[in-house]
Amino acid sequence: MRGIISRYRDLMPPEIQAISDDKIVTLGEGGTPLIRAKNLEEYLRTQNPKFAAQVWLKDEGVNPTKSFKDRGMTGAVSYEKSIGRAAVACASTGNTYGSAAAYAKKAGMKCFGLVPEGKVTPGKIFLASMYGATTIEIRGNFDAAFALVKQLKDVGVVNNIHPYRLCGQATAAFEICDKLKRFKRVPSYHFLPVGNAGNITAYWMGYTLYNKMGQIPFAPAMMGCQAEGAAAMVLGRDIENPETEASAIRIGKPARREEATRARIESGGRFYSVTDDEIKEARKLLVETEDVFCELASATSVATVIKLNRFGRLDFWKMVTVVCTLTGSGWKDLDTAFAQFIPQKSIVIEPKLDDVMDVIRSK
Ligand code: F0G
């Protein structure tokens, strides 16, 4: 099976390159679709007639465990396995945990997930449990779980502080540039949700490396998107009790704050926040316009584009290229989806052809 490490081996750190392809723990992550969102662009034009940008969506929800975390986990777990570790652990709002569980199982290792009690979607806990991981619920939030996991001994901690996680996540930036090159485009703005601030750091690593290699003439402005109740990067300080329905990014003390701040400054980007209602609206709009079903946290990127466009805040009247990362699938976040999308009632009939035909004709 080929994953991101075998595809971008030359761009990996020496310690990862030293692990041969047959020893790499992979589930075939990466190679996710980059979708030109023409219907969403149409919507943005109705909001603001001057809108002339192209919008592309990087759908990370189609990775093996349905989030971008798999790109980082292949390197982190491969490394931990290569040094003979028997177990990995992570603090998580759910996606890191599901990913760690799957890759650990593939590697024949144990996995422990420290999660905030009652604040992780059941789908995410289910996924990790299915892969045989042990869930440890902490009476506290993600930040409390993260403070604990950092102190663990003799297990590989595969959170974004792991030295070989972000190099894998950076491959999403390579894929975006590689694909857009075929359309003679380079990303001008990159919008993505920010929680613990690892992914924005990883993308910036990827873009700057590609820029240095001459693969892209310039790197995009990094636009970090947060939920209003958990906007530690926007506020420039930690938050003791972060609150948002977008549970994946319910984080008050971003571990990669410094690196993410540097990414913002160096790229000429910014951090923005949106309300939970704006996030929900964007998630719904993505289903309606582009048939993409992402989790709430993921829709933060598009919600921010919509908000900025409404107020004419960026130069979207130019033919700039906007990329939004949709970090995870909606299928692990069904409770919030059930609450938002009223399911269509099914029609119950006798097993008769005429009755089926009546229903078909009535629609
Ligand atoms: N989107 C989703 C769906 C996430 O699960 C996360 C983080 C983020 C965005 C933010 O990425 O932390 O690199 O800034 N989830 C982590 C977890 C915290 O435990 O699954 P970040």
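Which residues have the most contacts inside the largest nonpolar core? I took this as the starting point for my entries on the structure, which is a predicted model.

**Entry 1. The largest core**

I looked up the largest nonpolar core and found that it has 38 residues. Those with the most contacts inside it are L40, L57, Y189, F191, V302, F316 and V322. I then listed the elements that each supply at least two residues of this core: the helices are α3 (38-47), α13 (276-290) and α14 (300-310), and the strands are β2 (54-59), β7 (189-193), β8 (221-227), β9 (270-274) and β10 (321-326). The largest share, five residues, comes from α14. I note as background that nonpolar side chains tend to be buried together in soluble globular proteins.

**Entry 2. V322 and its contacts**

I next examined V322, one of the residues with the most contacts inside the largest core. Leaving aside neighbours within four places in sequence, I found V322 in contact with A53, Q54, V55 and W56. The other contacts of V322 under that condition are Y189, F191, V305 and F316.

**Entry 3. A second core**

I also recorded a second, separate core, which has 34 residues. Among them are I19, A170, V186 and A197.

**Entry 4. The protein as a whole**

I counted 16 helices and ten strands in the protein. The radius of gyration is 21 Å, close to the 21 Å that the globule rule gives for 363 residues, so the protein is as compact as a globular protein of that length. I noted that the C-alpha trace spans about 65 × 55 × 40 Å along the principal axes.

How much of the protein counts as buried? I obtained 57% of the 363 residues. The protein exposes about 16100 Å², and carbon and sulfur atoms supply 53% of that area. For contacts with a separation of 6 or more, I found that residues 24 or more positions apart account for 73%.

I recorded 49 positive and 40 negative side chains. The centres of the two sets lie 4 Å apart.

**Entry 5. A18**

I located A18 in the loop between α2 (14-17) and β1 (34-36). Is A18 buried or exposed? Its relative accessibility is 66%, and exposed means over 50%, so A18 counts as exposed. I also checked the distance from A18 to Y79: the two are 61 residues apart in sequence and 9.7 Å apart in space, C-alpha to C-alpha.

**Entry 6. D178**

I found D178 in helix α9 (residues 171-181). Its relative accessible area is 30%, which lies between the 20% limit for buried and the 50% limit for exposed, so D178 is partly exposed. Not counting residues up to four places away in sequence, D178 touches Y8 and Y210. From D178 to I24 I noted 154 residues in sequence and 24 Å in space, C-alpha to C-alpha.

**Entry 7. Positive phi at K66 and D154**

I looked at two residues with a positive phi. K66 has a phi of about 70° although it is not a glycine, and D154 has one of about 65°, likewise without being a glycine.

Where does K66 lie? I placed K66 in the loop between β2 and α4 (69-82). K66 is partly exposed, with a relative accessible area of 33%. D154 is found in the loop between α7 (142-149) and β6 (156-157). I recorded D154 as exposed, with a relative accessible area of 68%.

Definitions and conventions. Residues are numbered from 1 along each chain as its sequence is written. This is a predicted model: local features need pLDDT of at least 70, side-chain atom pairs count only at pLDDT 80 or more; totals for chains, interfaces and linings use all residues. Side-chain values use heavy atoms; hydrogens and water are left out. Helices (H or I, at least four residues) and strands (E, at least two) are DSSP runs, numbered from the N terminus. The radius of gyration is taken over C-alpha atoms; the globule rule is 2.2 Å times the number of residues to the power 0.38. Buried means under 20% relative accessible area, exposed over 50%, partly exposed in between (1.4 Å probe, protein chains only). Contact means heavy atoms within 4.5 Å. Accessible areas come from the Shrake-Rupley method with a 1.4 Å probe; for residues, only the protein chains shown count as cover. Lys and Arg count as positive and Asp and Glu as negative; His and the chain ends are not counted. The place of a charge is taken as NZ of Lys, CZ of Arg, CG of Asp or CD of Glu. A nonpolar core is a set of buried Ala, Val, Leu, Ile, Met, Phe, Trp, Tyr and Cys residues joined through side-chain atoms within 4.5 Å.
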